[in-house]
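Visitor: Could you walk me through the strands of this model and what packs around them? I'd like one close look, with the cut-offs spelled out as you go.

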Amino acid sequence: MYNPKSSNAEEFICHEEILDTLHYAEQNSKNAALIDQIIEKAKLRKGLSHREASVLLACELEDRNQEVYHLAEQIKKDFYGNRIVMFAPLYLSNYCVNGCVYCPYHRQNSHIARKKLTQDEIRKEVIALQDMGHKRLALEAGEDPQMNPIEYILESIETIYSIKHKNGAIRRVNLNIAATTVENYRKLKEAGIGTYILFQETYHKESYETLHPTGPKHNYNYHTEAMDRAMEGGIDDVGLGVLFGLELYRYEFAGLLMHAEHLEAAFGVGPHTISVPRLRRADDIDPNAFDNGIDDDTFAKIVACIRVAVPYTGMIVSTRESQKCRERVLHLGISQISGGSRTSVGGYVEEEPEEENSAQFDVSDTRTLDQVVHWLMTMGYIPSFCTACYREGRTGDRFMSLCKNGQILNCCHPNALMTLKEYLEDYAAPDTRRIGEALIARELEAIPNPKVKSIAAQNLKDIATGSRDFRF
Ligand code: SF4
Ligand code: SF4
């Protein structure tokens, strides 16, 4: 029985409800009157249900699809302006006891190099990341209670926050580790993590169990209920995601939105972010072995439909995607991207020799952070290194209410300019700096509130003379 408030995974992600939804969406894929009604509702910017959004995803009327794309672009502009938040992944360890068939870290893969960073190696990786200009990390580690116990993760977080190299600092550590207990989530909260991210991989229970044949991750309910435990443990910013390509994308899309609805119904706060990874080639993994791959057009449509369905939720795209594909989806609703990423353990300090491959997937966008920053600015975006909300305690429902009444925009825009200014002063190549200074001067003029504008202008001057870390 479908029940979004239930704490049982099979009730809030109800298989029958998804099948019904897909049937309904299919039946109405050319129903212009209904589609128009849903688009009108989406224009109110209060979101859509999984059913309504699924109809838009299935829509076969080209003019209506174009309307959805335009609306997604407009919502993106209204909520996120032209800012794109930057982050980088940091792989701590690729030891893993699970058997996920799509991931090269699966236990049976004996020819991948297994590595786990010591605290000293983490220090070096973080210094390398700080020297690139990063302020926000997503920590990644395989599930291995012996090799990567919670104490190791907690110690690593402490190490990362403690490193102050030149003007560098990691100001927000997001975490992507296996589903764990309420008690461990509580410890992670105390350690100061930002968002807890856990990809569902697939919401289809039967496929899930086949794709995760061995290890603790095999337990679908335990995995799917992880965000509930994270919230009980006090973590109120959680990030959802599915790995597109494993199951039918329309099924995953409905499941993802049902998961968001569940968090809203049960805890009063929806997901902080949604990630949209697609299956990629990696050691021991051939994406062609999975027959649910999606093309770039479908991918773009998914991003646009998520944007109109959950306007307040940030959306993340990684370097799994090519420059061309990232360029396309940035317009449609992506608010965070990674740049200069290394997906191998220890990859920021030293590039691995090929025979030592420890990467989780092949990176498509291999540009440096500076090249990505330059590219974003030439397209009119403001690359932002802002981490203010987390540090000001604006998380969970506090954050969401500021988002919903639009007040957050008074913070995001000047914070983006000030953190970009720090980047330009400390790390940018001369041409990036030239373009960035012009962008900041233009954007400063566009701040509507005179008081905010004058404080931001003063802070920008102070950054130029050596001060750091201002925020609204
Ligand atoms: S997806 Fe995660 S849990 Fe599965 S094998 Fe890879 S690292 Fe381990
Ligand atoms: S002010 Fe908050 S919401 Fe805006 S970019 Fe910074 S951290 Fe994100």
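**Strands and their surroundings**

Guide: Val173 has its bridge partner in strand 4, namely Ile193. Before going on: this is a predicted model, where local features need pLDDT of at least 70 and side-chain atom pairs count only at pLDDT 80 or more, while totals for chains, interfaces and linings use all residues. Residues are numbered from 1 along each chain as its sequence is written, and chains are lettered from A and ligands numbered from 1 in the order in which they are written.

Back to that bridge. Strand 3 (residues 172–176) pairs with strand 4 (residues 193–197) in the parallel sense, over two bridges. Pairing here requires at least two bridges found by DSSP between the strands. Strands are DSSP runs of E with at least two residues, and helices are runs of H or I with at least four, numbered from the N terminus. Strand 4 is mostly covered, with five of its five residues buried. For burial, you count other C-beta atoms within 10 Å of a residue's own, with C-beta atoms placed from the backbone: 20 or more is buried, 12 or fewer is exposed, and in between is partly exposed.

Follow the chain out of strand 4 and you come to Glu201, in the loop between strand 4 and helix 9 (205–211). Glu201 has a positive phi of about 70°, although it isn't a glycine. Glu201 counts as buried because 22 other C-beta atoms lie within 10 Å. Asp469, in the segment after helix 20 (450–464), is another non-glycine residue with a positive phi, near 65°. Asp469 has 16 other C-beta atoms within 10 Å, so that residue counts as partly exposed.

Strand 1 (residues 83–93) is worth some time. Strand 1 is mostly covered, and 11 of its 11 residues are buried. Here are its pairings, each with one bridge to click on:

- Strand 2 (residues 136–141) runs parallel to strand 1 over five bridges, and Ala88 has Leu137 as its partner there.
- Strand 8 (residues 336–338) is joined to strand 1 by three bridges, again running parallel, with Phe87 opposite Ser338.
- Strand 9 (residues 382–384) pairs with strand 1 in the parallel sense over three bridges, and Val85 is matched with Ser384.

Then there's strand 7 (residues 314–317), which is covered on both faces: Gly314 and Ile316 are buried on one side, Met315 and Val317 on the other. Strand 6 (residues 273–275) runs parallel to strand 7 and is joined to it by three bridges. One of the bridges matches Ser275 with Ile316.

Leu137, met above as the partner of Ala88, turns up again in the largest nonpolar core. That core has 143 residues, and Leu137, Val303, Cys305 and Val308 touch the most other members. Such a core is a set of buried Ala, Val, Leu, Ile, Met, Phe, Trp, Tyr and Cys residues joined through C-beta atoms within 7 Å. Helix 12 (residues 249–267) supplies the largest share of this core, nine residues. Leave out residues up to four places away in sequence, and Val303 touches Val276, Met315, Val329, Leu332, Gly333 and Ile334. Contact means C-beta atoms, placed from the backbone, within 7 Å of each other. Met315 is one you've just seen, buried in strand 7.

Last, two residues in helices. Gly396 is found in helix 17 (residues 396–404) and has 18 C-beta neighbours inside 10 Å, which means it counts as partly exposed. Beyond four places in sequence, Gly396 touches Asp236, Asp237 and Val269. The C-alpha atoms of Gly396 and Leu263 are 11 Å apart, with their places 133 residues apart along the chain. Arg186, in helix 8 (residues 182–190), has 16 C-beta neighbours inside 10 Å, so Arg186 counts as partly exposed too. Apart from neighbours within four places in sequence, Arg186 is in contact with Gly233 and Gly234. Its C-alpha atom is separated by 23 Å from that of Cys96, 90 residues away along the chain.
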